[in-house]
Amino acid sequence: MASKIAFSSMFADLLPPREIQFKLCGASLTGVAIDKQMRTIDLQMETRDILSEEELSELQREICLTYGFSQARLRVSCSVPQQTAAQGLSGTAVGGGTKQDGGVKDILYGGKKITGRVMPMKDLTLKTGTATITGKVFFADCHETRRPGMWRLSFDMTDYTNSVSVQKNLTAKEAAQFGCQIQPGMWLCVQGKMEPTWDGKDIQLNPYVVNTAAHSERKDTAPEKRV
């Protein structure tokens, strides 16, 4: 392989569990070998988060099921030390609640700036009803469905207390103007209604309003060493 390529670019149709998707944010492939006759694939990859043995096994299984391989072998190295949830977020008061690092910026969808209390994702339930969350996008997809002119936007966010999937049906115009703007790495503030997923096994957020969220990188506050 001449250079690194994004894991998500090569495996765009792969949809592992959200916890694994989060850990694959920023992952890159450094080597790929495919045996067409034996239908096996060997992958060398770098991630920013450590994958457990169980997660590696699940990822290998998903690759085989999605792409028709009889076996997938992964060799993974972690390029960035893990960060704790406490290092991830800092909040400030907004509209009687909390929000990320100074609040909303640009309006992406819904025509207004979000106000109100931002709640941690770990507290989201079906009984929450309308919720406002702020977090980092680690997976995003916008594609046309089998119904001509109907698009499906799906993106996953984390605030490092938990993660949530955001799902929205869009017109072709909305997809072009809004859906394709959502990319992994963005910080968003989203307001919408908590709903069950289509299979009833999980919950998701149906957004009414989406804004970009101001977010400043953590600063090194350690005292300087004197020589």
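Ala, Val, Leu, Ile, Met, Phe, Trp, Tyr, Cys and Pro count here as nonpolar, Asp, Glu, Lys and Arg as charged, and the others, Gly among them, as polar. The model is predicted, so that local features need pLDDT of at least 70 and side-chain atom pairs count only at pLDDT 80 or more, while totals for chains, interfaces and linings use all residues. Residues are numbered from 1 along each chain as its sequence is written, and side-chain values use heavy atoms, with hydrogens and water left out.

**Exercise 1. Describe the largest pocket and its lining.**

Solution. A pocket is found on a 1 Å grid over the protein atoms alone, as an open set of points where a 1.4 Å probe fits, with protein on both sides within 12 Å along at least five of seven lines; lining residues have an atom within 4 Å of a point. Grid points are joined across faces, edges and corners, and the volume is the space filled by probe spheres set on them.

- Step 1: the volume of the largest pocket is about 1300 Å³; of the 40 residues that line this pocket, Leu15, Gln21, Phe139, Ser154 and Asp156 are the closest to its centre.
- Step 2: sorted by class, the lining has 20 nonpolar, 11 polar and nine charged residues.
- Step 3: helices (H or I, at least four residues) and strands (E, at least two) are DSSP runs, numbered from the N terminus. At least two lining residues come from each of α1, α2, β8 (130-144), β9 (150-158), β10 (163-171) and β12 (203-213), and β8 gives the most, with six residues.

**Exercise 2. Classify the aromatic pairs Phe11 with Tyr67 and Tyr109 with Phe178.**

Solution. Rings of Phe, Tyr and Trp (its six-membered ring) pair if their centres lie within 6.5 Å, and planes under 30 degrees apart count as stacked, over 60 as edge-to-face and the rest as tilted.

- Step 1: the count by this rule is three aromatic pairs. The ring centres of Phe11 and Tyr67 are 5.4 Å apart with planes at 70°, so this pair is edge-to-face.
- Step 2: Phe11 lies in the loop between α1 (7-10) and α2 (18-23) and Tyr67 in helix α3 (residues 53-67), so the pair ties together parts that are 56 residues apart in sequence.
- Step 3: with buried meaning under 20% relative accessible area, exposed over 50% and partly exposed in between (1.4 Å probe, protein chains only), Phe11 is buried at 5%, whereas Tyr67 is partly exposed at 28%.
- Step 4: the ring centres of Tyr109 and Phe178 are 4.8 Å apart and the planes are at 20°, so this pair is stacked. Tyr109 belongs to strand β7 (residues 104-109) and Phe178 to the loop between α5 (172-177) and β11 (187-196), 69 residues apart; Tyr109 is buried at 16%, as Phe178 is at 3%.

**Exercise 3. Determine how many disulfides the structure holds.**

Solution. A disulfide is taken as a pair of cysteine sulfur atoms within 2.5 Å.

- Step 1: the sulfur of Cys142 has its closest cysteine sulfur in Cys180, at 4.8 Å, too far for a bond.
- Step 2: a search of the whole structure finds zero disulfides.

**Exercise 4. Locate Ala131 and state whether it is buried or exposed.**

Solution.

- Step 1: Ala131 lies in strand β8.
- Step 2: the relative accessible area of Ala131 is 2%, so the residue is buried.
- Step 3: 5.6 Å separates the C-alpha atoms of Ala131 and Gly192, which are 61 residues apart along the chain.
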